[in-house]
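Student: Could you take me through the pockets in this one? I'd like a close look at what lines them.

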Amino acid sequence: MSDQMPDAQPQFLTVGEGEAAREIAMIVRPAQAGCGAPALVWLSGYRSDMSGTKAVELDGLAGELGLACIRLDYSGHGLSSGSFSDGTISRWLEEALAVIRHVAPERVVLVGSSMGGWIALRLAQELARPELAGPKLAGMVLIAPAPDFTSELIEPNLKAKERKSLAERGYFEERSQYSPEPNIYTRALIEDGRQNRVLDGIIETGCPVHILQGMKDADVPHAHAMKLVEHLPADDVVLTFIRDGDHRLSRPGDIALLLSAVKGIIRSSTNMQMPI
């Protein structure tokens, strides 16, 4: 990309009060003067951060097109403070919402990867609340989205030893194929996940949604993306299957599909001409 702001410094926003206060790192690319297009908001997956390939490429696209771009690290991730083991969907949702309201763009396109897709869908619900002053949602691009993954993908497959660990220690560990450190799933995360379910009724985002899903995804089966589409009947939804795609979808061809999907959403929400 031609303009990736290599010297962009993170800013920090305090979210929560007292012992719950944590410093949330964010990198905000301002829009070029006169740009009327919505801001792009990057929402990372579980244990991922704003310096990953897809996040950086999205920021680069914003630089090319003169768009604003907002990236953040959830607490316990990347440059943000807080313990990862304290993390829940509610907590990370609160942080994402606080950052968006702090930057205060007029309109946003949410780009969520894996767990970030779940947080994007919850953000859509929160931003639609009339008492919550926030930006208008112009569109969503969801990459291997994992809404309700705690109750849909983890709980039904728990082994006896994992249930025992949850009961006795409050968490269980699972080997990660992306890191030498194991994934840690806490009882708090799983219980809070039940309170944030979105696949229990109609999801009204009020905006176009483009879902990118690999068919060789070992973490989030492609049937999960099809189930999500069933809960988005009122929206303009495009589902793109990538036959040989894995969960990360970070190969050059995958990135090209992501950037094309984002351009399509921007084009549909503005009169902006997109470069091919």
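Tutor: Sorted by class, the lining of the largest pocket comes out as 15 nonpolar, 14 polar and nine charged residues. Keep in mind that this is a predicted model. The volume of that pocket is about 1000 Å³. Its lining is made up of 38 residues, and the ones closest to the centre are Tyr46, Ser114, Tyr178, Asp219 and His247.

Now for the secondary structure around it. Two helices, helix 1 (53–65) and helix 4 (149–154), each give at least two residues to the lining of the largest pocket. Strand 7 (171–174) and strand 8 (183–186) each do so as well.

Those two strands bring us to Arg169, which sits in helix 5 (residues 160–169). The Arg169 side chain makes a polar contact with the side chain of Tyr171, at 3.3 Å, and Tyr171 belongs to strand 7 (171–174). Thr186, in strand 8 (183–186), is 17 residues away from Arg169 in sequence, with 8.9 Å between their C-alpha atoms.

Then there's the second largest pocket, which holds about 170 Å³ of space. From the earlier part of the chain, its lining includes Ala31, Cys35, Gly36, Ala37, Pro38 and Ala39. Ala68 lines this pocket too, along with Pro105, Glu106 and Arg107. By class, that lining splits into seven nonpolar, one polar and two charged residues. Gly36 is the polar one, while Glu106 and Arg107 are the charged pair.

Note on methods
Residues are numbered from 1 along each chain as its sequence is written. This is a predicted model: local features need pLDDT of at least 70, side-chain atom pairs count only at pLDDT 80 or more; totals for chains, interfaces and linings use all residues. Side-chain values use heavy atoms; hydrogens and water are left out. Helices (H or I, at least four residues) and strands (E, at least two) are DSSP runs, numbered from the N terminus. A polar contact is a pair of N or O atoms within 3.5 Å; within protein, one must be able to donate a hydrogen and the other to accept it, and residues adjacent in sequence count only if both atoms are side-chain atoms. On a 1 Å grid over the protein atoms alone, a cavity is a set of points where a 1.4 Å probe fits but cannot get out, and a pocket is an open set with protein on both sides within 12 Å along at least five of seven lines; lining residues have an atom within 4 Å of a point. Grid points are joined across faces, edges and corners, and a volume is the space filled by probe spheres set on the points.
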